[in-house]
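User: I would like a close look at a single part of this assembly. Please keep the sentences short and tie the part to its surroundings.

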Amino acid sequence: MNAVKDLILKMADDSLIIGHRSSEWTGLGPILEEDIAFSSMAQDKIGHALALYGILHEQFGELEADQLAFNRKESKFRCCHFAELPIGEYDFSLMRHFLFDHAEAIRYEMLSSSSFAPLAQLARKIKGEIKYHVLHANSWILRLGRGTEESRHRMQSSLNFCMPYALGIFEKNEAESDLITEGIFAGEEHLRILWEEQIWKQIDQAGLQFPNVPEKKVHMGGRSGRHTVHLHMLLEELSQVFRMEQGVEW
Amino acid sequence: MYGGGYIFSEPTQKEQDDHLDDPVMLAAFEARIGQGEKIEPQDWMPYEYRRQLIRLIEQHAHSEVMGALPEGAWITRAPGFRRKLALIAKVQDEIGHGQLLYNAAETLGKPREAMINDLLSGKSKYSNVFNYPAKTWADVTVIGFLIDAAAIVNQVANSKGSYGPYCRALERICYEESFHIKQGYDAFVALALGSASQRQMLQQALNRWWQPIMHFFGPADKNSVHSEQLMRWKVKMASNDAMRQQFLDSYVPKIWELNLTLPDPYLKKNLESGKWEFTEPDWEEFYKVINGDGPCNAERLATRKYAEEHGHWVRQALINSRQQFAIPLA
Amino acid sequence: MKTKSPIVDPRIIRLDLEKSASFNHLGDMEVWGTYEVFHQKKRGDQHIHAGVVHAPDPEMALVFAKEQYGRRLKCANLWVVKTSDIYSIGYENEDMFETVPEKIYREAGGYKLREKISQYKKSITSVNIKERETL
């Protein structure tokens, strides 16, 4: 059962950290309408994390969601480096959102027929939310890729910068083969193939070039608890109030 | 969120002379308002009605957008899932309210770009209360509970005004504010009933915010420029004093019942008159902050400029040369 | 930038506010044109005007409207229409809608049949009685 716990934990941590990052744009977005949309997706992601920690608590006796998210050592986090990076400029945030959410969409689609019922149920429940995230991301990438010289250049640079990190999403867990044989999850490699196919179409339509990334340049380590310096600072901030006093209601 | 008071500017004599309204149209307009009918964007309206409404709604919109900043300061630090999600949703709503209100103001003919430009240049104001810092998590609960409560008093009054698009926007805004005040109250009470240090943090925040809250509805009626015309036109719906009294009546007991104190030894309800008595807040400070010299004016404006500048290339990339400004219908 | 009170928002501390200090102007149409949003609460209901979004094109208007008007309202469907594509009768012609009271032939209440039928039924009964008497 460790393999499925690992899977849920890394998904939860990815969602929490990316949702937290997205919420840094709330009130600072490029136009009010987009500010609202991006805040909704931040809430959705944090909500997915809450649901996934909930599964760990209910099915595997782990601590409650608040404790897992707000009171856990950095080395116990399993998020990918991609999620940890600061929000940067809007081009980076949109590109990360695009690359990450396509992977999310395929991952949950695969999980909707998982033999592990709680994951399959969750996957079906949040299908609509994820569909919107992908629509939102595609709409922006297409338009900015084909917008002005500046926007095209920004999107291409962000894509080039993001890709080595994005591929780190698919870092495998040790016991992944168990997940595949038990029909829980078809594996990161399979996910990556589908993902590349899907984003390639969008990138091409947006008039952008698909960057070539040698495997050794891919940012790995998040899934085994080795993180960027950014995660440390983020967790300090995230848990600042929560850890001021334990065992009280906030 | 928005307060009353200090919204309206008296027209200059020249402005009055330059824009004399047709007396027949004016009489029909006033009769319509007298019958409780709403004014719609395409209607004829007096120059001064349009001018003051743009000013009112625009400042309200700016206040929502700037109001996202003090609370936004705690989005990344909100303790626990429940508070974090509620706070993001709340700040998001404030941005949403700004969006609705800019639309309502645009129906009067001023494009959103022009309103944002007037905000950035300092020409157009926003509520003073957002020029104070939210120093601790407890400050967020005080804002969420009491500033939102004060805003509801004002907005409910305004939602019965005469201008259709503003009323419609306020109807939705008030509905969402009722969630804001609930979540604010919930977080406020959690601290009030919590540990000694949580209570202390809350009491200190309350002390810090009391004066800005008392300023919120604007100067006493006897000291403010009182426009009978704006009341008759149902642009200004309630007097500053009446709104402040209503707020004190509803919320001071809710603070006192938690054994929290307010930093005004003279605050009490006069049982004979039924009115609240209090120490006059420092109105010099109020005018100082309005004129740009509050603790956070510079930071708030700089932050807004940052957001607008960093969004510029995004907006620019999608400008459609075939689009032209059209006044929104409703 | 001179701030009188230290910045408390870690998100803002990370930004270089100084650099944007001179930015103070949005160009014409920089926040794009407007689309009117119509919202259908549930299947079978009418679409009702909900408000406006600024957007560069209809697809983006839908992407934005979904969150601004669909995140709190229960929603089965949304329409967007470019503001300038809507035609309306001006309020100055509101008097055209006034119905004169004589037009009762257009109202359900203008047709009072029950009385007639009752009278008819009464007359039938009296005829029957007369017929029996003659037998």
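How many of the eight residues of strand β1(C) are buried? Start there, then work outwards through the sheet, the contacts with chain A and the loops.

Analyst: This is a predicted model, so every value below is computed from predicted coordinates.

Start with the strand itself. β1 of chain C covers residues 33-40. Six of its eight residues are buried, which leaves the strand mostly covered.

Next, the sheet around the strand. Three strands of chain C form an open sheet in the order β2-β1-β3, and their pairing is antiparallel. The edges are β2 and β3 (77-82) of chain C, each of which pairs on one side only. From one strand to the next, the twist averages 30°.

Take the β2(C) side of β1(C). The two strands pair in the antiparallel sense, over seven bridges. Three pairs can be named here. T34(C) has H54(C) as its bridge partner in β2(C). V37(C) stands opposite G51(C). F38(C) stands opposite H49(C).

Is β2(C), as an edge strand, largely enclosed or left open? Six of its eight residues are buried, so the rest of the structure largely encloses β2(C).

Now the β3(C) side. Here β1(C) and β3(C) run antiparallel and are joined by six bridges. One of the pairs is H39(C) with L78(C), its bridge partner in β3(C).

The loop before the strand deserves a look. W32(C) lies in the loop between α1 and β1 of chain C. Its phi is positive, about 70°, although W32(C) is not a glycine. Most residues other than glycine have a negative phi. Is W32(C) buried or exposed? It is buried, because 23 other C-beta atoms lie within 10 Å, and the cut-off for buried is 20 or more.

N259(B) makes a useful counterpart. Its phi is also positive, near 60°, in a residue other than glycine. N259(B) sits in the loop between α10 (240-256) and β1 (268-270) of chain B. N259(B) is exposed, because just 10 other C-beta atoms lie within 10 Å, and the cut-off for exposed is 12 or fewer.

The sheet also bears on the contact with chain A. That contact takes 14 residues from chain C and 11 residues from chain A. On the chain C side, α1 (10-13), β2 (48-55) and α2 (58-70) give two or more residues. The largest share, seven residues, comes from α2(C). By class, this side of chain C has seven nonpolar, two polar and five charged residues.

Chain A also meets chain B. There the contact takes 35 residues from chain B and 42 residues from chain A. Helices α3 (47-72), α4 (80-106), α8 (196-215) and α12 (297-317) of chain B each supply at least two residues to the side that touches chain A. α4(B) gives the most, with 13 residues. The side of chain B that touches chain A divides into 17 nonpolar, 14 polar and four charged residues.

Last, a helix of chain A for comparison with the strand. α10(A), residues 188-205, has 18 residues. From first C-alpha to last, α10(A) reaches 26 Å, close to the 26 Å expected at 1.5 Å a residue. Which residues of α10(A) are buried? They are E188(A), W195(A), I199(A) and I203(A). These residues cover an arc of only 60° around the axis, which puts them on the same side of α10(A). An α-helix has 3.6 residues a turn, so residues three or four places apart point the same way. The buried residues of α10(A) pack against α5 (90-111), α8 (149-166) and α9 (176-181) of chain A. The face turned away from the buried side carries the exposed residues E197(A), W200(A), K201(A) and D204(A). After α10(A) comes G207(A), with a positive phi near 75°.

To return to the strand: β1(C) has six of its eight residues buried, and in the order β2-β1-β3 it sits between its two partners.

Terms used:
Residues are numbered from 1 along each chain as its sequence is written. Chains are lettered from A and ligands numbered from 1 in the order in which they are written. This is a predicted model: local features need pLDDT of at least 70, side-chain atom pairs count only at pLDDT 80 or more; totals for chains, interfaces and linings use all residues. Two residues are in contact if their C-beta atoms, placed from the backbone, lie within 7 Å. Helices (H or I, at least four residues) and strands (E, at least two) are DSSP runs, numbered from the N terminus. Ala, Val, Leu, Ile, Met, Phe, Trp, Tyr, Cys and Pro count as nonpolar, Asp, Glu, Lys and Arg as charged, and the others, Gly among them, as polar. The expected span of a helix is 1.5 Å times one less than its number of residues. The arc is that of the directions from the helix axis to the C-beta atoms. Two strands pair if DSSP finds at least two bridges between them. Axes are lines fitted to C-alpha atoms, for helices over the stretch in contact, and angles run from 0 to 180 degrees between N-to-C directions.
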